[in-house]
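Hi everyone, thanks for coming. I'd like to walk you through one structure today, so have a look at it with me.

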Amino acid sequence: MATAGDEDSPIIPDGARPLEAIGLRKSFGGREVVQGVSLHVNRAEVVGFVGPNGAGKTTTIRMLLGILAPDSGEARVLGGPLTEATQERIGYLPEERGLYEGLRLGVVLQYLGQLRGLARHDAAVRTREMLETVGLTEHADKKVRELSRGMTQLVQFASTLLHKPDILVLDEPFSGLDPVNVRHMKELVLTEKRRGAAVIFSTHQMSDVEELSDRVMMINGGRVALEGRPAELRRHYRGDTVRVESPDVPPDPLSGAMSVERAGESLTIRLTDTATAEDVLRQLLNAGMRIERFEVALPTLEDIFIREARGE
């Protein structure tokens, strides 16, 4: 827990999880889109929240933030129910961006800082700090409508961090950014983690999850489909995929192979539940194939995501 003199560090009660959901459920028009989702985010942790379109990610996030009321279940912030006071300790970057386009950038940020509970002087100071942090100081007097889409995204992210929140909830934070600004925003996320903030972000880019996340949670069909550290998940799914380098064509059929994909001299072979890598290697050698490389492959998070989304 942060000390009283450490004003930049999150103040989180001992033993409390910064953000937690217990059995959240939500229906629209008779269809239950979130079905008993439970999750948590720890202090100084980044959680990647993934799932196919329509899986219930955004609805879950909105219930965590009190924007939507759950039909049942509970969202807890800093160890207790969501209140006006604890809501101020959250920094939320929604998927749908919105800023006052006719106002100057510096004015908008200072106003948003005051809305988040900062005194006028503190909001002005933090506005200058955040403009420098995101590299937009020279644009402070421009109207928001004069900024590029990428700049607007950086402004929105800056506004999320103005009040030094304990919890960051980021919905598709890197959408629409060029690679340079994506890298910059990722560095800012990791800086917030080092400060002690709890971070949860949703995305469709598995490379972002693999790079940033301490844990990943996938929701599919309104339910939690998998959860764990990226390395643990990859090890869990290890053993059912082998990669082979050979100039020769494999036998067809190949017993124990669920699928065989060939790209040049590279083969990726998905195994059935009962097959082993040794079985496949033996068949390839017996068929007279010249094997230049043979390995049991660790799947990427994208591989795992696609398989879970397809129900494989």
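**Salt bridges, a cavity and a hairpin**

Okay, so the count of salt bridges here comes to 18. Keep in mind that this is a predicted model.

Let's take a few of them. K186 pairs with E211, and their closest N and O atoms are 2.8 Å apart. That pair ties together distant parts of the chain: K186 sits in helix 6 and E211 in helix 7, 25 residues apart. Is K186 buried or exposed? K186 counts as buried, because its relative accessibility is 6%, under the 20% cut-off. E211, at 39%, is partly exposed. These two also belong to a network of salt bridges that links R183, K186, D208 and E211.

Next, R290 and D248, with closest N and O atoms 2.7 Å apart. Here, too, distant parts of the chain are linked, 42 residues apart: R290 is in the loop between helix 9 and strand 14, while D248 is in the loop between strand 11 and strand 12. R290 is exposed at 53%, whereas D248 is buried at 15%.

Now for the inside. How many cavities of 30 Å³ or more are there? The count is 1, and the volume is about 50 Å³. Its lining has 9 nonpolar residues, no polar and no charged ones. Helix 10 gives the largest share, 3 residues. Among the lining residues are V50, M206 and F305.

Last stop: strands 12 and 13. They pair in the antiparallel sense over 6 bridges, with R262 opposite L267. Together they make a hairpin with 2 residues in between, and G264 in the turn has a positive phi of about 65°.

Definitions and conventions. Residues are numbered from 1 along each chain as its sequence is written. This is a predicted model: local features need pLDDT of at least 70, side-chain atom pairs count only at pLDDT 80 or more; totals for chains, interfaces and linings use all residues. Side-chain values use heavy atoms; hydrogens and water are left out. On a 1 Å grid over the protein atoms alone, a cavity is a set of points where a 1.4 Å probe fits but cannot get out, and a pocket is an open set with protein on both sides within 12 Å along at least five of seven lines; lining residues have an atom within 4 Å of a point. Grid points are joined across faces, edges and corners, and a volume is the space filled by probe spheres set on the points. Helices (H or I, at least four residues) and strands (E, at least two) are DSSP runs, numbered from the N terminus. Ala, Val, Leu, Ile, Met, Phe, Trp, Tyr, Cys and Pro count as nonpolar, Asp, Glu, Lys and Arg as charged, and the others, Gly among them, as polar. Two strands pair if DSSP finds at least two bridges between them. A salt bridge is a side-chain nitrogen of Lys or Arg within 4 Å of a carboxyl oxygen of Asp or Glu. Buried means under 20% relative accessible area, exposed over 50%, partly exposed in between (1.4 Å probe, protein chains only).
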